[in-house]
Amino acid sequence: MPLVRRISNFIFGSSCLGCGLFTEKLDPWLCPSCREELISLGKEPFFPQEDVVCLYTMNSLTRRLVHALKYHHMPGLASYLVKQSAACRGREVFMWFDLLKKPFLLIPIPLSSSRYRERGYNQTEKIAFALASHLEGVVFHGVVRRSFSESQTKLSVEERKRNVAGVFELKKKIPEGRSTCIIIDDVYTTGATTKACSYALLQENKLDVKICTLLFEKPVSAKLDLVADHDVEWD
Ligand SMILES: [Zn+2]
């Protein structure tokens with residue numbers, strides 16, 4: 001837990017990240033009621049496409065938790081969310097992965113260097129390490145993000161997909177014997193970002209590529225697409 005939150009809790013008491021309730025019964029992020037809700041949501045992963053699994057669907061609770069993971073300096077929420085999800089041993093997503101050829105290479109979507117400096121960590125890397133501890137896999141840092149300066153706000157979904165296609169580059173050789181790659185991201189909406197990363201991986205390699213994200217969000221607006229795909233601020 002970050003120091004600021006610890007001090008705040010000491011002075012003001014602890015509040016649940018889900019509902020804001022002040023209670024001594026936090027775990028340490030959620031009150032018992034919100035925790036129960038999260039566990040229930042974690043039992044219902046969503047598969048938007050054949051090769052894509054999202055550990056949670058978006059509701060007010062999961063949205064708040066991922067927002068805190070990204071913007072309130074709470075990297076510990078990544079392992080917390082993975083632990084409550086169906087990616088743990090014996091659960092649905094774990095069994096889905098268990099059918100694939102091991103060992104896995106888990107590839108977090110990289111942040112831009114400026115965003116990394118500002119945040120101090122990459123939330124998708126935290127998610128990848130949390131998943132690696134449950135699955136038989138290692139985290140691979142061989143993909144880099146090229147700079148992406150053109151404004152995307154006025155483009156259509158199709159135009160954005162085309163523009164983002166070349167945004168990732170494979171900088172290191174895929175280690176021998178790794179044929180299954182799992183691309184890790186925080187939110188899946190149109191899938192443009194993860195598909196672009198997949199494209200970079202498949203240029204020179206024969207790989208089975210899967211995608212795993214914490215959340216699925218319906219692409220209801222261009223703004224949400226942009227937030228999810230290009231890591232801009234999320235209101
Ligand atoms: Zn609560």
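**Close-ups of a predicted model**

**View 1. The end of helix H3.** Just past H3, histidine 73 has a positive phi of about 50°. Like everything in these views, this comes from a predicted model.

**View 2. Helix H3 from end to end.** H3 covers residues 60–71, so to speak a run of 12. From first C-alpha to last, H3 reaches 16 Å, close to the 16 Å expected at 1.5 Å a residue. Thr62, Leu65, Val66, Leu69 and Lys70 are its buried residues. Looking down the axis, you'd find those buried residues within an arc of 130°, so they line one face of the helix. Over on the other side of H3, Ser60 and Tyr71 are exposed. Among the elements covering the buried residues are helix H2 (32–42), strand S2 (52–57) and helix H7 (123–134), along with S7 and S8.

**View 3. The six-stranded sheet.** This one is an open sheet with mixed pairing, and its strands go in the order S1-S2-S8-S7-S3-S4. Strand S1 (46–49) and strand S4 (137–139) sit at the edges, each pairing on one side only. On average, neighbouring strands are turned by 25° against each other, direction ignored.

**View 4. Strands S7 and S8, with a helix on the sheet.** S7 (residues 180–188) and S8 (residues 208–216) run parallel, joined by eight bridges. Tyrosine 188, for one, has phenylalanine 216 in S8 as its bridge partner. Helix H9 (residues 192–202) packs on the sheet and touches strand S3 (104–108), S7 and S8. The direction of H9 makes about 160° with that of S7.

**View 5. Inside the largest nonpolar core.** This core has 58 residues, and Leu106, Ile107, Leu131, Ile183, Ile184 and Leu215 touch the most other members. Leaving aside residues up to four places away in sequence, isoleucine 107 touches Phe140, Val143, Cys181, Ile182, Ile183, Ile184 and Cys197.

Notes. Residues numbered from 1 in each chain as written. Predicted model: local features only at pLDDT ≥ 70, side-chain atom pairs only at ≥ 80, totals over all residues. Core = buried A, V, L, I, M, F, W, Y, C linked by C-beta atoms within 7 Å. Buried ≥ 20, exposed ≤ 12 C-beta atoms within 10 Å, placed from the backbone. Contact = placed C-beta atoms within 7 Å. Pairing = 2+ DSSP bridges. Helix = DSSP H or I, 4+ residues; strand = E, 2+ residues; numbered from the N terminus. Axes fitted to C-alpha atoms, helices over the stretch in contact; angles between N-to-C directions. Expected span 1.5 Å × (residues − 1). Arc of directions from axis to C-beta.
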